[in-house]
Structure formats: C-alpha cells, structure tokens
Amino acid sequence: MLININNDCNKCMECVEICQTGTLTEDFINMVKNKINSTESPDKILFRKYAPECTYCESCESVCEQEAIWIITLEYEEL
C-alpha cells in the first residue's frame, strides 16, 4: 500500500487514533508536515510512504475531514 498525505493535513491526528495497524503515528504525521512545509510550494506537495503493514481498512481516509490522506493499493507487477 502507498499512504499519501498532502498539505491539506491539519495534524488533527484522528487518522493516528483510528489506525488499526499502528502504521500512522503522531511522529510520522509531524514528520510529513515538517517535510511538506519546508518545501518552496507546500500547497502542491504530497508525501508518499510505502506501507506493507497497511491493511487498507480505509479508516484513515474516512475519518479525515480534510481529505488529506488516501491509500493506493499496489499490484505486485507495479513493485
């Protein structure tokens, strides 16, 4: 799975609270926001993380009111 987070994230941490596998952590979200905010055009940046432990339960996507996080499933051919 690829976890994608864009600059619409407001660090509410609801995705962290609901993540069933512990893939999303407060430290991870803070690191993502720091990296995005340190770029020249943060409004056009997204952060992507390969997360094989993610089960694609879609909880983080559904809880995010900013629609700042989404998961992409990978087929083995794409790896």
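User: What makes you say that both faces of β1 are covered?

Analyst: Look at the two sides of the strand in this predicted model. On one side sit L2, N4 and N6, and on the other I3 and I5, and all of them are buried. To be called buried, a residue needs under 20% relative accessible area. Both sides of β1 pass that test, so both faces count as covered.

User: How do you know which residues go on which side?

Analyst: Side chains in a regular strand alternate between the two faces of the sheet.

User: How many residues of β1 are buried?

Analyst: Five of five, across residues 2-6, which is what "mostly covered" rests on here.

User: What makes β2 a partner of β1?

Analyst: Bridges. Pairing takes at least two of them between the strands, and β1 has five with β2, residues 46-50. That clears the cut-off, so the two are paired. They run antiparallel, and one example of a bridge is L2 with Y50.

User: And how do you know that β3 pairs with β1?

Analyst: Same kind of check: four bridges join β1 to β3, residues 69-72, against a minimum of two. So β3 is a partner as well, and it is antiparallel to β1. Two of the matches are N4 opposite W70 and I5 with I69.

User: Which face of β3 is covered, and which is uncovered?

Analyst: I69 and I71 make up the covered face, while W70 and I72 make up the uncovered one.

User: Why is R48 called partly exposed?

Analyst: Its relative accessible area is 44%. Partly exposed is the range between the 20% and 50% cut-offs, and 44% falls inside it, so the label fits. R48 is in strand β2.

User: Which residues is R48 in contact with, leaving aside its neighbours within four places in sequence?

Analyst: L2, I3, N4 and I72. Take I3: it is 45 residues away from R48 along the chain, yet the two C-alpha atoms are separated by 5.5 Å.

User: Why is M13 called buried, or is there a catch with it being in a loop?

Analyst: No catch. M13 lies in the loop between β1 and α1, but the label depends on the area alone, and 12% is under the 20% limit, so M13 counts as buried.

User: What is notable about the phi of M13?

Analyst: Phi is positive there, about 70°, although M13 is not a glycine. E58 does something similar, with phi near 70° in a residue other than glycine.

User: Why is E58 called partly exposed?

Analyst: E58 has a relative accessible area of 38%. That is not under 20% and not over 50%, so it lands in the partly exposed range. You'll find E58 in the loop between β2 and α3.

User: What about Y56: where does it lie?

Analyst: Y56 is in that β2 to α3 loop too. With a relative accessible area of 30%, Y56 sits between the two cut-offs and is therefore partly exposed.

User: Which residues does Y56 touch, not counting those up to four places away in sequence?

Analyst: M1, E61, I71 and T73. D43, on the other hand, is 13 residues from Y56 along the chain, with 26 Å between their C-alpha atoms.

User: Why is E65 called exposed?

Analyst: The cut-off for exposed is over 50%, and E65 comes in at 68% relative accessibility, so it qualifies. E65 is placed in the loop between α3 and β3. From C-alpha to C-alpha, E65 and T55 are 21 Å apart, with their positions ten residues apart in sequence.

User: Stepping back, in what pattern do the helices and strands follow along the sequence?

Analyst: β-α-α-β-α-β, from three helices and three strands.

User: What makes the chain as compact as a globular protein of that length?

Analyst: The radius of gyration is 12 Å, close to the 12 Å from the globule rule for 79 residues, so that description holds.

User: What share of the residues counts as buried?

Analyst: 32% of the 79 residues. As for the accessible surface, the chain has about 5100 Å², and carbon and sulfur atoms account for 46% of that.

User: How far apart are the mean positions of the positive and negative charges?

Analyst: 9 Å, taking 6 positive and 15 negative charges.

Methods
Residues numbered from 1 in each chain as written. Predicted model: local features only at pLDDT ≥ 70, side-chain atom pairs only at ≥ 80, totals over all residues. Heavy atoms only, no water. Buried < 20%, exposed > 50% of the residue type's maximum accessible area, 1.4 Å probe, protein only. Rg over C-alpha atoms; globule rule 2.2 N^0.38 Å. Areas by Shrake-Rupley, 256 points an atom, 1.4 Å probe, with all protein chains shown as cover. Lys, Arg positive; Asp, Glu negative; His and termini not counted. Charge placed at Lys NZ, Arg CZ, Asp CG, Glu CD. Contact = heavy atoms within 4.5 Å.
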